[in-house]
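Take a moment to look over the sequence and the 3D structure before reading on. The report below walks through a few spots worth finding on your screen.

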Amino acid sequence: MPGHDLALLTDAALAAGKIALRYWKNSPRAWEKDAGAGPVTEADLAVNDLLAERLRSARPDYGWLSEESIDTAERRQAHRVFIVDPIDGTRAFMAGEDTFAHSLAIAEAGRVIAAVVYLPALDRLYTASAASPAMRDGRPIRASTRPGTAGATLLATRPTLGESYWPGGVPDVKRSFRASLAFRLCLVAEGRHDGMLTLREAWEWDIAAGSLIAQSAGAAVTDRFGRPLRFNAEHPQAAGVIAAAPGVHAELLTRLSA
């Protein structure tokens, strides 16, 4: 079944990309969400509508959790649930940057079993499932095996490396950044960076797909306290995310908790 689900997610992501690209660099209407939840554009909603129609009609017994849909308690009773971010990196999308992504996952009993992250402006597709390895555009990928943080490349915001967060000392890393959390996780999965880190609470739809892809590629993936990520929670947020080469991950945890 994970293979069938992965094919369903892949087809939906590719179709979503065609919708998103119609709006990209075409001045889509945009506005701020309530309670400081960030921007949303007409493209986010159009992609969400397409994904909801395609995925929910194909699997009507699956639950639904999306950044752009009203959340209901109904999903908590479903055996499997779609966890979707129609456009991850909306600010990058609005700025005409090419690193926004569609993040699509299916979780079962708290674990992601099928995952797709697609960057339509780059035509780059990352996939993984419980029955298949992490892949980019159909080719297997592997995470870094760097043994520690010295000289490691880490995807993180600048404030994340502030001294107040690191009682064990700020790690000696080369910092980079991408707007999309899903893309950051995929860059770790393919070994282009040794790790990624966010200490803020992370919405499930931002991290569900990328976390399985990174883990399937050999990265260690946990919340900021070293606990396994669980999905389809009543309040769908994780306590930060660390995804990195196992040795890098272990040292980051030690420095955070010293």
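## Starting inside helix 1

Which residues does Ala13 touch, not counting residues up to four places away in sequence? The list is His102, Leu104, Val116 and Tyr118. Keep in mind as you look around that this is a predicted model.

Ala13 itself lies in helix 1. Its relative accessibility is 0%, so Ala13 counts as buried, the cut-off being under 20%. If you want a distance to check, try Thr72: the C-alpha atoms of Ala13 and Thr72 are separated by 23 Å, and the two residues are 59 places apart along the chain.

## Two nonpolar cores

Now for the greasy parts. The largest nonpolar core has 41 residues. Ile83, Val117, Tyr126, Met196, Ile207, Ile213 and Phe231 are the ones with the most contacts inside it. Several elements each supply at least two residues of this core: strand 4 (80-88), strand 5 (101-108), strand 6 (111-119), strand 7 (124-129), helix 4 (181-189), helix 5 (204-216) and strand 16 (241-244). The largest share, eight residues, comes from helix 4.

Pick Ile213 if you'd like to see what one core residue has around it. Leaving out residues up to four places away in sequence, Ile213 touches Ala115, Val116, Val117, Tyr126, Thr127, Ala128, Ala134, Ile141, Cys186 and Ala189. There is also a second, separate core, this one of 28 residues, and Leu8, Ile19, Val47 and Ala114 are included in it.

## A cluster of rings

On to the aromatic side chains: the count comes to five aromatic pairs. One of them is Trp24 with Phe100, whose ring centres are 5.9 Å apart. Why is this pair called tilted? The planes sit at 55°, which is neither under 30 degrees (stacked) nor over 60 (edge-to-face), so tilted is what remains. This pair links distant parts of the chain, since its members are 76 residues apart. Trp24 is in the loop between helix 1 (2-23) and strand 1 (30-32), while Phe100 is in the loop between helix 3 (90-94) and strand 5.

Phe100 has another partner, Phe93, and that pair is edge-to-face, with 4.8 Å centre to centre and 85° between the planes. Put together, ring pairs link Trp24, Phe93 and Phe100 into a cluster. Are these three buried or exposed? Trp24 is buried at a relative accessible area of 18%, Phe93 is buried at 1%, and Phe100 is buried at 0%.

## Ser144 meets Asp194

Here's a polar spot to zoom in on. Ser144 is found in the loop between strand 9 (139-140) and strand 10 (152-155), and Asp194 is found in the loop between helix 4 and strand 12. Their side chains are joined by a polar contact of 2.6 Å. Both residues are buried: Ser144 has 13% relative accessibility, and Asp194 has a relative accessible area of 8%.

Each side chain also reaches a backbone nitrogen. For Ser144 that nitrogen belongs to Arg146, at 3.0 Å; for Asp194 it belongs to Thr153, at 2.9 Å. Setting aside residues up to four places away in sequence, Ser144 touches Val188, Gly191, His193, Asp194, Ala245 and Pro246. With the same kind of neighbours left aside, Asp194 is in contact with Ser144, Arg146, Ala152, Thr153, Val188, Ala244, Ala245 and Val248.

## Helix 6 and its two sides

Last stop: helix 6 (residues 246-257). Its twelve residues should span 16 Å at 1.5 Å a residue, and the end C-alpha atoms are 17 Å apart, which agrees.

Which residues of helix 6 are buried? They are Val248, His249, Leu252 and Leu256. These four cover an arc of only 100° around the axis, so they are on the same side of helix 6. A general rule helps here: an α-helix has 3.6 residues a turn, so residues three or four places apart point the same way. The buried residues of helix 6 pack against strand 10, strand 12 (195-198), strand 14 (220-222) and strand 16. Turned away from that buried side is a face carrying the exposed residues Thr254 and Ser257.

Conventions. Residues are numbered from 1 along each chain as its sequence is written. This is a predicted model: local features need pLDDT of at least 70, side-chain atom pairs count only at pLDDT 80 or more; totals for chains, interfaces and linings use all residues. Side-chain values use heavy atoms; hydrogens and water are left out. Buried means under 20% relative accessible area, exposed over 50%, partly exposed in between (1.4 Å probe, protein chains only). A polar contact is a pair of N or O atoms within 3.5 Å; within protein, one must be able to donate a hydrogen and the other to accept it, and residues adjacent in sequence count only if both atoms are side-chain atoms. Contact means heavy atoms within 4.5 Å. A nonpolar core is a set of buried Ala, Val, Leu, Ile, Met, Phe, Trp, Tyr and Cys residues joined through side-chain atoms within 4.5 Å. Rings of Phe, Tyr and Trp (its six-membered ring) pair if their centres lie within 6.5 Å; planes under 30 degrees apart count as stacked, over 60 as edge-to-face and the rest as tilted. The expected span of a helix is 1.5 Å times one less than its number of residues. The arc is that of the directions from the helix axis to the C-beta atoms.
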